[in-house]
Each structure stands twice: as C-alpha cells, then as structure tokens.
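Here are some notes for a colleague who has not looked at this structure before. They are set out as numbered points.

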Amino acid sequence: MATARDYSQLSEPKNKTPVHNETKGLDAHLASIWHHLHDAVLICDASLNVTHTNPAFELLTGYTREELLGHRIDFWHKGLMNERFYQDISKALSQGSQWQGEIWLRRKDRSPVPALLTVCMESRLKTPLTYVAIFKDLTLQKEAEMRLQDRIHYDSLTELPNRILFSQYLARLCECQSDFALMVLDLRGMKAININHHHDTGDEIIRVVSKRLRNRMGPDDLLARIGGDEFALLIPGMHNHWMAEQYAKNMMGCFEWPFQLSHQQMYMSAAMGVAMWPCNSNSPDVLFSDAEHALFEAKRQHIPYLFFTKELRENQQNRNQLQQDLVTALKENQISLVYQPIWNTALQQVTKLEALIRWQHPEKGNISPLDFIPIAEECGLIQLLGQWGLLQACTDLNKLKKLGFDSLQMSVNRSTPEFQTIDLDAKEWLMTIQDMGLSPRDIVFEITESLLMANQTENRQRMQALRDAGCQIAIDDFGTGYSSLSYLRTFPIDVVKIDKAFICHIPDETQECLLLDGIINMVRNLEMQLIIEGVETSAQLDYLQSRGCHAIQGYLFSRPLSFDALVPYLQKSQ
Ligand code: C2E
Ligand code: CA
Ligand code: CA
C-alpha cells in the first residue's frame, strides 16, 4: 500500500511542516489516482497538522489546499467534532489499524455535509506517525434515505404525517406524561363523492380540508392523515375538557363554508371523537381506541363531535350484546309483529294496517324498535329482520283476506339500508308478496326521507319498480328529516305520512296549526295521499276533519294490536 509519504510532493505544505522528500520514486499512476480520486483524502502528522489534501477534498469542503496545510485538523470543522472524538479515534487506532464511522463535516460556507470517514494510521520504524483520513460524501445517500423516510412517514397527497409517524408521535407524547388531547376526525360522505364524482374531486377535498385544519392549528400541534378520509390531531397543553372543546369547535368551524374546488362548490361535513390524556388506561393504543369510539358514536348520533367517556364504552358494549341477542331472538321467535289500524274517517272503516315490529327479550322485557332497529342496521341484520317482517305481514294479511277483510292494505316499514340492498327491480320483495298469494296492490312500503337523499338514481329505480308492479310508496315521518319539497316532487311517491310531532300541539297552538295547514296544502298540490299519524285526542281529530284529512292513525282509534286482538277489532269496526 502506498503511504502518505509517497504523495508528499503532490500536496506539500509551503513552509510550515517539514516534509519528507521521498517522492522521487513516485509512481505516475498513483499521482493520477490521487488527483482523480472521488473520495476526499486528508493526511496529517502525529500532531494532527494537515500535511496533504487531494483535489476531491477541496471540492468537498470548499477550502483550498493552501488554507489547510500546516493547520491543525480541527481548524476547519471546529464545533462539529470535539477533542473526545479524536481521542476515541486514536484509542481505536491503537488497537487496530483503521477506524470507520459516519460524521458531519462543515464546509467553508458553514454548511454541513455527511460523510463516511475512514482513518488509517501509518507508523513505521524511522518514519514519523501519519494519519490518513478518507472521506466519502454521503449527501446523495442521505437524501435518498430521507426520501424513503418521507415515503414511509408522510402521506403523498397532503404531505401530512401518516399513521406510522402519528403513532410514533403519540407514543412519545404519552411517555412525556404531559396533558394533551387526541382528536380523530372523519369526513362524511366521501364514499358517495368518490362514487358520484371523479376521484380527483375526492383528492382535492382531502387536500383542502387538510389545509383548512392546519391553518387553525398551533405550531406544536400535529395533524396527520391516518386513513382515506380520517385525520388525527394531537394537541399538547390541553389541560381540561373545556379547552379541548373550544379547540374541537374551532376545528369543526372548517366545515361551515363551502369548499371551492376547481369545477364546483361543495359543502362537506365531518365528525370528531376526542380523548384526553392522561387517561385511566395509560396506554396510547387504548387512548386511540377511545377517540375512535367517540368518533363512531358522534357519527351514529349525527353530531359534530363527542368526548370519550366510560359510559360511551359501556353503551357500545350493551349495543354489541344486543346485536348478539338479536341473532338469538330471530332464531327463538322472540320477535313478533303488531298491527296498528289506519282509519278512513270519511268511509268510517279501517283501510290500512301498519305492521310494527316487537321484541320480547327474555331478560330485558320489551325492547322498542327505536332501540333495536338502528342496531340491526349497524350490524347488517336489518335485511334478515325486514324479510322476516314482510313475510309475516303478508301471511297475516292473507289470513285476514280469507276472513273477509279483502280490501285491507298492509303498510310495512323499510329501513334505508334495507331498501338500498335489494335488486334494482325489487324482485325479492315482489316475489315474497306473490308467494304469499297477495297482489302488490295490497302492500304499501313506508320509507323515510333519508332514502331520497342517498343513491338517488338507484333508489328511484327501486321505487319505480315497486310502483310499476302495483305497490304503493309512502314517505314516513314527513317533516322530521330533510323535508325537501323538490325531492318529494321528483320521486314516485303515493302517500305522505305526517309525523306526530306536527299534531301534538294542535289545535291549541296557532303557529303549529298554520304549519300543519301549509304541509297539508302542499301534499294536496302534489296530488299525493295524506295520512296523519299520532292522533291521540278528539280535538286533534276534529281539527283534522275540518281540514279534510280523513286518513288517521293514532292511539285515539287504536294502539298497535297483536294479530289475535286485531281480528275482533276489525270485526267490530266493520
Ligand atoms: P313509525 O313508523 O313512525 O311508527 C309509528 C310509531 O308511532 C309506532 O311506534 C307506533 O306505536 C307509534 N304510535 C302510533 N300511534 C301513536 C300515537 O297516537 N301516539 C304516540 N305517541 N305514538 C303512536 P313503534 O311501534 O314503537 O315504532 C317506532 C318506530 O320503529 C317506527 O316508527 C318505525 O320507524 C320503526 N319500526 C317499527 N317497526 C318496524 C319494522 O318492521 N321495520 C322497520 N324498518 N322499522 C320499524
Ligand atoms: Ca311507519
Ligand atoms: Ca311514522
């Protein structure tokens, strides 16, 4: 191996250090290598004074040979490496002939540069000790590593930290044991946007949302995109519920004005779950799951944000238990139907029956459909429940027809998710009706306004198919949901059922009467039939009669009745 001495003539210092003039036999090849070597080489003597540098070294550091030669090695990168560093190297070298490690150099312009340093020691008899340092520039390698790190840790669409980096940050924050809030935010309706619009629109919304959120956050707060339409926020210094609530409200304010996209304006909404640290579990994973629980519940309740509480988890566990019980209930005949008569007061007879579902739980007693229908919808049992209900209602109507009540219609409730999962030609339901020996004309399907808002084209097709076959479509609980007139007008609807909320204060409250009058007129103008629900008093009935409303359902006439109680009721009222 060539020694430093061989190259001395190439980079000999001008006056300072004595140079061994043993270069006569220098090989021209070695001189060429010295000049063209990519790696930077620096040689110094036992006192760490620079004796030689090659051109690559000058290129790497920005210093000229003249500026370095004769100076102590640390003159040009002071501050980056301390004396200890040299001691460590010298100690390592005393045990072997070479030391290697990554270091940061400082260029003449003070910019740092990463390098792989290899130091060799030359000490032969009769020759003074010499150190040879070879620097391999690691800038490109470090940049590539950083790019890879970015790809692993950052979301390319929003440039926000992703779930991996977020989890690391969350774990670190938990270790610090200081107060902070974790918020998980989910955009509503992104699935529909991705289906109904080009994917670019969805991407654009995500980007704009991330900017809006970021603009409202402090410099120490972290915003991460942890899923397709899910963001997580970590906010240090949130000492109490009140502070976090103000913060959450401010964040939800991002959705108060429309999103200006390149081709259109769009309103978006979101839901947020909040969990506070410190928490009982003392675990980042549990804290995250708490926030997700709160988010799930906020979405379920259609509210903008919700804080995690112990009760929330208990409620969720209860719901999970009810889901399991519901499966058993279906198998073990705990589910039944009752029928509420709908009167036509002009004809003075019952013209329709509404089938209403009941669950007699072996331990909990009667559970209201208002409690278990949403659970069945959540866990996907609603289809099974709905199919059972339709079959049972048709069976009972068939029996009634055989008993002579042949003009009765049966009204069955259909949940939105249930309606959305049948074929576009509604074959399943029409077949059930026919299989039970009934005509589609005997059946009214009650749907809610929410159905008119979602998947409009397909739902319209399903409604049309049912109607074409002869079934009637009723809008249930009118006035409690979106109540959009334009939707009513454009959908194939036969009957509008006015919710009991519009009846309970009539005839005493004038404003309520005016509102009800308005709705009645509107439905008449649309040439649809009207049913008034929840009529409990004769004063209400008198008012409705005076307005020409004759299709009446309510406790005033009858509560929902079991099939066995229904038959004598109908016989009496015919
Ligand atoms: P809904 O379809 O609006 O049913 C009318 C509800 O009002 C029934 O409650 C009925 O018992 C009650 N009701 C009737 N007359 C009066 C009255 O004069 N005053 C008062 N205060 N209430 C009256 P129910 O049976 O508890 O059903 C609640 C809701 O559960 C139903 O509201 C419907 O949305 C849903 N539901 C019931 N059965 C089914 C079903 O088989 N399938 C689906 N998907 N939903 C159902
Ligand atoms: Ca109904
Ligand atoms: Ca109703």
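**Notes on the metal sites, the ligand and a pocket**

1. In this predicted model, Asp476 is buried, with a relative accessible area of 8%. The cut-off for buried is under 20%. Asp476 is a useful place to start, as it coordinates both the calcium ion (ligand 2) and the calcium ion (ligand 3). The two ions are 3.9 Å apart.

2. The calcium ion (ligand 2) has donors from Glu354 (OE), Asn413 (OD1), Glu446 (OE) and Asp476 (OD), at 2.1 to 2.3 Å. Along the sequence, the spacing of these donor residues is E-x58-N-x32-E-x29-D. Asn413 belongs to strand S16 (residues 409-413) and Asp476 to strand S18 (residues 472-478), so this pair ties together parts that are 63 residues apart in sequence. Asn413 is partly exposed, at a relative accessible area of 28%.

3. The calcium ion (ligand 3) takes its protein donors from Asp476 (OD), Asp477 (OD), Glu533 (OE) and Glu533 (OE), which lie 2.2 to 2.4 Å from the ion. Their spacing along the chain is D-D-x55-E. Asp477 is in strand S18, while Glu533 is in the loop between strand S20 (529-532) and helix H20 (538-546), so the pair ties together parts that are 56 residues apart in sequence.

4. Are Asp477 and Glu533 buried or partly exposed? Asp477 counts as partly exposed, with 26% relative accessibility. Glu533 counts as buried, at 11%.

5. Ligand 1 is surrounded by 20 residues, and the closest are Gln340, Arg358, Asp476, Glu536 and Tyr555. Asp476 therefore appears both in this list and as the bridge between the calcium ion (ligand 3) and the calcium ion (ligand 2).

6. Polar atoms of ligand 1 can be placed against particular residues. One of its nitrogen atoms is 3.0 Å from a polar backbone atom of Ile357. An oxygen atom of ligand 1 is 3.0 Å from an N or O atom in the side chain of Asp477. For the side chain of Glu533, the distance from an N or O atom to an oxygen atom of ligand 1 is 3.5 Å. Asp477 and Glu533 are also donors to the calcium ion (ligand 3).

7. A separate topic is the second largest pocket, which holds about 320 Å³ of space. Its lining has 17 residues, and Cys279, Asn280, Asp290, Phe308 and Lys310 lie nearest its centre. By class, the lining comprises nine nonpolar, four polar and four charged residues.

8. Which elements each supply at least two residues of that lining? They are strand S11 (270-277), helix H10 (284-300) and helix H11 (310-331). H11 gives the most, with four residues.

Technical notes
Residues are numbered from 1 along each chain as its sequence is written. Chains are lettered from A and ligands numbered from 1 in the order in which they are written. This is a predicted model: local features need pLDDT of at least 70, side-chain atom pairs count only at pLDDT 80 or more; totals for chains, interfaces and linings use all residues. Side-chain values use heavy atoms; hydrogens and water are left out. Donors are N, O and S atoms within 2.8 Å of the metal (3.2 Å for Na, K and Ca); water is not among the atoms, so sites may look incomplete. Buried means under 20% relative accessible area, exposed over 50%, partly exposed in between (1.4 Å probe, protein chains only). On a 1 Å grid over the protein atoms alone, a cavity is a set of points where a 1.4 Å probe fits but cannot get out, and a pocket is an open set with protein on both sides within 12 Å along at least five of seven lines; lining residues have an atom within 4 Å of a point. Grid points are joined across faces, edges and corners, and a volume is the space filled by probe spheres set on the points. Ala, Val, Leu, Ile, Met, Phe, Trp, Tyr, Cys and Pro count as nonpolar, Asp, Glu, Lys and Arg as charged, and the others, Gly among them, as polar. A residue is near a molecule or strand if one of its heavy atoms lies within 4 Å of it. A polar contact is a pair of N or O atoms within 3.5 Å; within protein, one must be able to donate a hydrogen and the other to accept it, and residues adjacent in sequence count only if both atoms are side-chain atoms.
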